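Open the model in your viewer and keep the selection tool at hand. The stops below say what to select and what is there.

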Amino acid sequence: MFLNDIKVLDIGSYVAGPAAATVMSDFGADVVKIEPLDGDPYRTLLGGVLAEYPNFFWDQDSRNKRSLAIDFTTAGGREAIDRLIRRSDVVITNYRPELLVRLRLTYEDVKALNESVIYGQVNSYGLEGSDANRTGFDATGWWARSGLMDAVRRPGSPPAVSTPGMGDHPTSMSLFGGIMAALYRRQTTGAGAHVHTSLVANGAWSHCMMIQGALIGFDLSDQRSPDDVSRAPLATMYQTGDDRTILLSVLNPEKEWPKLAAALGHEEWIDDPRFVDRATRYEHREALYDLLVAAFAADTADNWRVRLDAAGVTYSVAQTMSEVVNDEQMYVNDVLTEVEPGDHFYAYTVNSPFWMSGAEKRTPRLAPDIGEHTTEVLLEIGFTDAEVEGMLAEGIARQREGD
């Protein structure tokens with residue numbers, strides 16, 4: 001694994017920063033996860049609502065890591081953090097900038113201990129301006145603030161709340177990419193780096209095509225109506241006879257329109273003067289939309305899959321969660337990948353979203369319990385057995401219950 005000589009210190013909480021460390025761990029990096037004595041608050045995000053299930057949010061984003069539970073506001077705890085910083089290649093955090101100042105964990109603080117460190121930082125709204133220290137999550141920073149929340153909805157319908165982690169995980173990939181670029185530069189120059197991204201920057205990047213239009217005045221946000229679904233009849237949603245949703249994405253109609261018309265059983269549409277080319281299809285878009293609505297409603301989603309696949313039309317059925325976890329394509333491409341065997345709930349987990357020839361990934365190891373590796377890590381960084389026992393006895397550090 002090509003990152004097996006890289007040591008990462010994860011001093012963050014929840015997702016956007018720590019998930020970048022998870023990706024590094026998939027490729028072999030040794031990640032030490034710093035947790036408060038009562039654990040990362042991400043551990044309790046599901047609360048008691050789903051008490052019959054394991055904490056699958058935490059398990060997804062904390063695999064492969066080692067947990068050091070320690071109070072680093074104490075002198076002994078701070079000494080442990082400083083020792084870890086000195087030996088780390090990468091330090092990752094998503095604490096608010098003002099909190100990092102109070103904790104003496106800014107880039108300048110960390111660089112003073114380790115000149116060549118790569119410091120990966122993510123926050124909600126960027127490091128400058130009045131909102132630099134504003135709290136936020138991906139729902140507020142990535143989804144709502146970027147305009148995605150207002151844009152991604154049916155015309156005339158209210159906005160929807162984003163799904164958990166929907167913006168955090170792509171943001172973590174931006175941070176991962178920046179960290180890897182900085183590691184590459186360090187190989188050639190020896191210099192460390194401060195790598196930074198934000199939830200709002202990644203939301204804007206996800207929404208950049210329409211934002212770019214708005215910058216020159218193309219903003220139809222206030223002009224949308226329920227009729228807008230018919231504006232692009234070859235790239236919109238249709239309901240099937242069994243009440244499933246099909247999304248067409250025919251962006252090359254010269255090639256795909258005849259195939260679609262034939263698959264729908266209406267080859268006469270190919271030569272219909274209303275639909276013979278892009279211009280006439282647009283002129284008669286409402287009529288075409290109505291025809292497509294009626295066509296798709298006449299059969300089931302499964303039958304449309306067979307016919308559209310055979311015709312080579314670009315589309316997808318909106319899959320339910322049960323369909324996703326039973327989708328063979330997810331397994332044959334290692335999107336859903338096997339975890340290490342053992343006495344636990346999981347057989348598979350969601351893999352990090354890229355692969356590289358010649359770069360093996362580790363078999364995912366289950367997320368750690370609070371303080372599962374506290375003693376192990378403290379001994380590694382030079383504390384004696386007696387010192388570790390003292391830190392545990394004084395409540396400076398915590399190890400897993402039963403250890």
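Select Glu372 in this predicted model. Glu372 is partly exposed, with a relative accessible area of 25%. Now add Arg400, which is partly exposed as well, at 27%. The two form a salt bridge, and their closest N and O atoms are 3.3 Å apart. Glu372 is in the loop between strand S11 (348-350) and helix H17 (374-380), while Arg400 is in the segment after S12, so the pair ties together parts that are 28 residues apart in sequence.

Next, select Lys7, Asp30, Arg66, Arg87, Glu376 and Glu380 together. Salt bridges with shared partners join these residues into one network. Within the network, look at Asp30 and Lys7, whose closest N and O atoms lie 3.6 Å apart in a salt bridge. Asp30 belongs to strand S2 (residues 30-35) and Lys7 to strand S1, so this pair ties together parts 23 residues apart in sequence. Lys7 is partly exposed, with a relative accessible area of 29%.

For a salt bridge inside one helix, select Asp302 and Arg305. Their closest N and O atoms are 2.7 Å apart. Both residues lie in helix H14 (residues 301-311), three residues apart, which is about one turn of the helix. The structure holds 27 salt bridges.

Now show the strands. In what order do the seven strands of the open sheet run? The order is S6-S5-S4-S1-S2-S3-S12, and the pairing is mixed. At the edges are S6 (193-198) and S12 (397-398), each of which pairs on one side only. Select helix H8 (residues 168-189), which packs on the sheet and touches S4, S5 (118-123) and S6. The direction of H8 makes about 165 degrees with that of S6.

Stay with the sheet and select S1 (residues 7-10) and S4 (residues 90-93). These strands run parallel and are joined by three bridges. Leu9 stands opposite Val91 in S4.

Turn to the aromatic rings, which make 15 pairs. Select Trp257 and Trp269: their ring centres are 6.4 Å apart and their planes are at 0 degrees, so the pair is stacked. Trp257 lies in helix H11 (residues 253-263) and Trp269 in the loop between H11 and helix H12 (278-283). Are these residues buried or exposed? Trp257 is buried, at 2% relative accessible area, and Trp269 is buried too, at 5%.

Then select Phe2, Phe27, Phe176 and Phe354, which ring pairs link into a cluster. Add Lys361, which lies over the face of Phe354, 6.0 Å from the ring centre.

The last stop is Tyr282. The charged end of Arg285 sits over the ring of Tyr282, 4.1 Å from its centre.

How values were computed: Residues numbered from 1 in each chain as written. Predicted model: local features only at pLDDT ≥ 70, side-chain atom pairs only at ≥ 80, totals over all residues. Heavy atoms only, no water. Phe/Tyr/Trp six-rings, centres within 6.5 Å; stacked < 30°, edge-to-face > 60°. Helix = DSSP H or I, 4+ residues; strand = E, 2+ residues; numbered from the N terminus. Buried < 20%, exposed > 50% of the residue type's maximum accessible area, 1.4 Å probe, protein only. Lys NZ or Arg CZ within 6 Å of the ring centre and 35° of its normal. Pairing = 2+ DSSP bridges. Contact = heavy atoms within 4.5 Å. Axes fitted to C-alpha atoms, helices over the stretch in contact; angles between N-to-C directions. Salt bridge = Lys/Arg side-chain N within 4 Å of Asp/Glu carboxyl O.
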